[in-house]
Amino acid sequence: MAGSGETSEARVLGEALAALRRDCGLSQAEAGARIGMTGQGWGLYEAGKRPGLFRPDVQRRLTSALDATPEALVLRSRKDPAAPEGLRRPNSPAGIAAPQGLSARGRAFEGTPAQARRLRLETDELAPWASAGTVLEYVPGRWPRRGQGCVIQLDDGMRKVRLYDRADDAEVLVLGAGALDQSERIARSRILSMSAVTSRLDDE
């Protein structure tokens, strides 16, 4: 039977997983469906009732359903001021948690937060959502929500502006490939970065 310390650690990680899921606007059932799991099964992880959440492979599987990473899970758990002492690193401020399974910070969280950037559309592929001449403001590295515009940087140097629809472990499905009602599947292995469009500005 798991000790109270292990139970507390599982609860902190579970609450962090729930927070990431809410950030994506998904229900437990929707998140679980992305990786072939029932909503009830997902809920057990969030409730801290499945110790497998400490395993890196389980963390990768669960966070992939949220278009996130195990590092994001760890980072989110560190924000919990009620984290038990066993989760706090020595010589660190209270509330800085270090769950088992991952100890190093991911490179996505190194340095300062990304600043918003702008680009001007040159085609009407995304009309009426946005027409040629519209200036889009986007935040590098911020994953978009469904129906939100996104800027995708590919490994061949190409940059695409699309509307995000959904994603799985292998592909990202977007709209706007020639016209707003046309979809396109892009292999995750080809994507260097995915950035959410945060505003549309009229042509000046």
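Two strands pair if DSSP finds at least two bridges between them. Helices (H or I, at least four residues) and strands (E, at least two) are DSSP runs, numbered from the N terminus. Keep both rules at hand for this tour of a predicted model, where local features need pLDDT of at least 70, side-chain atom pairs count only at pLDDT 80 or more, and totals for chains, interfaces and linings use all residues. Residues are numbered from 1 along each chain as its sequence is written, and side-chain values use heavy atoms, with hydrogens and water left out.

**Stop 1: the sheet edge**

Select residues 171-175. This is strand β5, joined to β6 by five bridges, and the two run antiparallel. Now pick Leu173: its bridge partner in β6 is Arg185.

Zoom out to the whole sheet. It is open, has seven strands and pairs them antiparallel in the order β1-β2-β7-β3-β4-β5-β6. Select 117-120 and 183-187 for the edge strands, β1 and β6, each of which pairs on one side only. On average, neighbouring strands here are turned by 45° against each other, direction ignored (axes are lines fitted to C-alpha atoms).

**Stop 2: β2 and its partners**

Select residues 135-139. Four of the five residues of this strand, β2, are buried (under 20% relative accessible area with a 1.4 Å probe, protein chains only; exposed is over 50%, partly exposed in between).

On one pairing, β1 meets β2 through four antiparallel bridges. Leu119 stands opposite Leu136 in β2. Next, add residues 191-201. This is β7, which pairs with β2 in the antiparallel sense over five bridges. Find Glu137, whose bridge partner in β7 is Ser199.

**Stop 3: Lys160**

Select Lys160, in strand β4 (residues 159-167). Is this lysine buried or exposed? Lys160 counts as buried because its relative accessibility is 12%.

Show side chains. The side chain of Lys160 makes a polar contact with that of Glu184, at 2.3 Å (a polar contact is a pair of N or O atoms within 3.5 Å; within protein, one must be able to donate a hydrogen and the other to accept it, and residues adjacent in sequence count only if both atoms are side-chain atoms).

What else does Lys160 touch? Leaving aside neighbours within four places in sequence, Lys160 is in contact (heavy atoms within 4.5 Å) with Cys150, Val151, Ile152, Leu154, Glu184 and Ile186. For a distance check, try Met194: 34 residues from Lys160 in sequence, 9.8 Å away in space, C-alpha to C-alpha.

**Stop 4: the helices and the cores**

Select Leu17, Trp42, Tyr45, Leu62, Leu66 and Leu73. These have the most contacts inside the largest nonpolar core, which has 18 residues (such a core is a set of buried Ala, Val, Leu, Ile, Met, Phe, Trp, Tyr and Cys residues joined through side-chain atoms within 4.5 Å). Elements giving two or more residues to this core are α1 (4-23), α3 (39-46) and α4 (56-64). α1 gives the most, with five residues. Apart from this core lies another, of eleven residues, among them Leu121, Ala130, Val151 and Leu163.

Return to Leu73. Not counting residues up to four places away in sequence, Leu73 touches Leu13, Ala16, Leu17, Leu20, Leu53, Gln59 and Thr63.

Finish on α3, where six of the eight residues are buried. They are Gly39, Gly41, Trp42, Gly43, Tyr45 and Glu46. Just after α3, select Gly48, which takes a positive phi of about 75°.

Conventions
Axes fitted to C-alpha atoms, helices over the stretch in contact; angles between N-to-C directions.
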